[in-house]
Amino acid sequence: MSDLSFVRTEMLPEKAPPASEIGIVGWLRHNLFSGWVNSILTIISLAAIYGVLSVLIPYVFLSVWNAESLNECREIMNETWGSSHGHACWAVINERWLQLLFGFYPPEFYWRPILSLVLLVVALAPILYSDRVSSKLLIVTALYPFIMPWLMWGGSVWGTVSVAFGFVAGYLVLKYATEALGELFAMIAGAVVAIVWWLFIAGMFVGAMDAILPIALETVQSRKFGGFMLAILLGVVAIGCSLPIGIVLALGRQSHLPIVKWLCVCFIEFIRGVPLITLLFVASLLLNIFLPPGTNFDIILRVMIMVTLFASAYMAEVIRGGLAALPRGQYEGADSLGLDYWQSQRLIIMPQALKISIPGIVSTFIGVFKDTTLVSIIGLFDVIGLTHAIRADTAWNGIYWELFAFIALLFFIVCFSMSRYSMYLERKLRTDHK
C-alpha cells in the first residue's frame, strides 16, 4: 500500500533573501521607488537637490576668506574663477565675527561674557540632564542669576550679594512661617520681607561692605552690549523668567477668586493682543514719561521686562492647554489623598501638565529667542542691527548675503538644539512603553 502522507518529515535549508529585498537596493526599492508615482517624485526631488547644491557648494566653498573690502573680494574672484557671480565673500565674517558676536563690548573684557556662557551651560546641566549630572551643580544653578549680571555689567560684588540676600530672607520666612501662617500668607510675608530689604536696607549694606572690603569689576555701559551676545542675554532672561510667571498666570486664570482670575485674563489678553514691537517702543520711548524725573532705568533692563511679559502671556496659554488636557480624575485623586491646592499642583497636576505642554513650551521658547532681533528697531545693536553698521563702512558697503547667512547659522544652532532637546525630553518622559 502506497504512502499517502503529505506532512513534510524534514526541514528545508534556509535560503538567503533576494538581493532586491535587503541592503541599500532593498531600502531604495521600498522607500524611493516603490511605485511609479514615488519614482517620479524621487527623480524630481533629486533634480531639485542637485540644482540647489550645484549653486550652494560653489557659493560656500569656492569663496574668499581673506580680503579687506568687498571690491578686493571681487578682484580676487575675477582673478581666480573669472567671475564674481556665485561666490561668497566670507572675508567680512573673518574680519567682523567678533563684532557680530559681542557688539561693542570692550575686547579686553570678552572673557566676562564667555565665562557667563560657560557658567550658563554648567547651571543648566543639572536641570536638563538630571539623571546624568551631579545634583551638586545645583549650587551653580542657584547662584547663576546673581553672578551673570555682575559679570556682564560689572560694579560692586556687594550689590549682587545684597540682591541675593533679599531672596534668601524671603525664602527663610516662607520656610519657617508656613506652618503658622499657611503657605499662601507665608509667600506674601516672604515677598514683603524681600522688598523691604531691597528698598531700605540693601543700600546701607552695600555702602558698609564697600567701605570694609571693596570688590568690584569695571563697569560696562549697556550701550556697549550688542551682537549675538545681546540675543543670548535677552533670550536666556526671557525664557528663564517667562516659564514660572506663565505657570502663575495659568493657575490664576483658572482660579475661583474673581479678582485674581480677571486680573490674569486681562493681562494675558492685552499682552497677546499687542505686537511685541509696540511693547518695545513703550519700553524704549514712553516708559520714561511715567517715571520720576532723573530716574535712570537701564534700556536693556526695560527690554528684558517687556520681552519677559510678552513671553509669559503666551506661556500661560500653553500651560493652560496642558492643564485642560488632564482628566478630572487627576484632580479628584489629589483630593482623595488629602492634599491641599498647592501640594496637589506641585506634586500631581503641574508635572503632568508641563509634560503634555513640552512641544508648545519649546516652540514658545524658540519664538521668543528669534524675536529678540526686533530690538534693532529701537536702536539696540543686536546682531541684525550690527549688519547696518558694518554695511555703513565703505569697505563693505553692498554686502548682504554673507552677513545674514552667518546670522542664520547662529540662530539655527541654538533653535535646533532646543528642538532636539525637547524631543529627547519627550522620549525620556514617555510612559506608554511603545
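Below is a chat between a visitor and a guide about a predicted model.

Visitor: Before we start, what kind of model is this, and how are residues numbered?
Guide: This is a predicted model, where local features need pLDDT of at least 70, side-chain atom pairs count only at pLDDT 80 or more, and totals for chains, interfaces and linings use all residues. Residues are numbered from 1 along each chain as its sequence is written, and side-chain values use heavy atoms, with hydrogens and water left out.

Visitor: Cool. How many disulfides does the structure hold?
Guide: It holds one disulfide, meaning a pair of cysteine sulfur atoms within 2.5 Å. The partners are Cys 73 and Cys 89, with sulfur atoms 1.9 Å apart. Their link is right-handed, with 70° about the S-S bond.

Visitor: And which parts does that pair tie together?
Guide: Cys 73 lies in helix H3, while Cys 89 is in the loop between H3 and helix H4 (91-102), so the pair ties together parts that are 16 residues apart in sequence. Helices here are DSSP runs (H or I, at least four residues; strands are E, at least two), numbered from the N terminus.

Visitor: Is Cys 73 buried or exposed?
Guide: Cys 73 counts as buried, because its relative accessibility is 0%. Buried means under 20% relative accessible area, exposed means over 50%, and partly exposed is in between (1.4 Å probe, protein chains only). Cys 89 is buried too, with a relative accessible area of 1%.

Visitor: What about Cys 266, where is the nearest cysteine sulfur?
Guide: Cys 266 is in no disulfide, and the nearest cysteine sulfur, that of Cys 264, is 9.4 Å away. Cys 415 is in no disulfide either: for that residue the nearest cysteine sulfur belongs to Cys 241, 19 Å away. Cys 415 is buried, with a relative accessible area of 10%.

Visitor: New topic: how many salt bridges are there?
Guide: The structure holds seven salt bridges. The term stands for a side-chain nitrogen of Lys or Arg within 4 Å of a carboxyl oxygen of Asp or Glu. One of them pairs Arg 96 with Asp 393, the closest N and O atoms being 2.8 Å apart.

Visitor: Where do Arg 96 and Asp 393 sit in the chain?
Guide: Arg 96 is in helix H4, and Asp 393 is in the loop between helix H16 (383-392) and helix H17 (401-428). They are 297 residues apart, so this pair links distant parts of the chain. Arg 96 is buried, with a relative accessible area of 14%, whereas Asp 393 counts as partly exposed at 28% relative accessibility.

Visitor: Which residues are linked in a network of salt bridges?
Guide: That network links Arg 253, Glu 269, Arg 272, Glu 317 and Arg 320. Let's follow Arg 253. The side chains of Glu 269 and Arg 253 meet in a salt bridge (3.0 Å, N to O). Glu 269 lies in helix H10 (residues 258-272) and Arg 253 in helix H9 (residues 227-253), so this pair ties together parts that are 16 residues apart in sequence.

Visitor: And how does Glu 317 fit in with Arg 253?
Guide: Glu 317 also forms a salt bridge with Arg 253, and the closest N and O atoms are 2.9 Å apart. Glu 317 lies in helix H12 (residues 299-325) and Arg 253 in helix H9, so here the tied parts are 64 residues apart in sequence. Both Glu 317 and Arg 253 are buried.

Visitor: What about Glu 269, which class does its accessibility put it in?
Guide: At 37% relative accessibility, Glu 269 counts as partly exposed.

Visitor: Okay, which residues gather in the patch of negative charge?
Guide: Glu 68, Glu 72, Glu 75 and Glu 79 gather there, on the surface. Patches are made of residues with over 30% relative accessible area and no salt bridge; like charges are joined within 9 Å, and nonpolar side chains (Val, Leu, Ile, Met, Phe, Trp, Tyr) within 5 Å. Glu 79 has its place in helix H3 (residues 70-81) and is exposed, with a relative accessible area of 69%.

Visitor: Last one: where does Val 206 lie?
Guide: Val 206 lies in helix H8 (residues 183-212) and counts as buried at 18% relative accessibility. Val 206 and Ser 156 are 50 residues apart in sequence and 8.2 Å apart in space, C-alpha to C-alpha. Gly 203 is found in helix H8 too, but Gly 203 is exposed, with a relative accessible area of 54%.

Terms used
Accessible areas come from the Shrake-Rupley method with a 1.4 Å probe; for residues, only the protein chains shown count as cover. Lys and Arg count as positive and Asp and Glu as negative; His and the chain ends are not counted. The place of a charge is taken as NZ of Lys, CZ of Arg, CG of Asp or CD of Glu.
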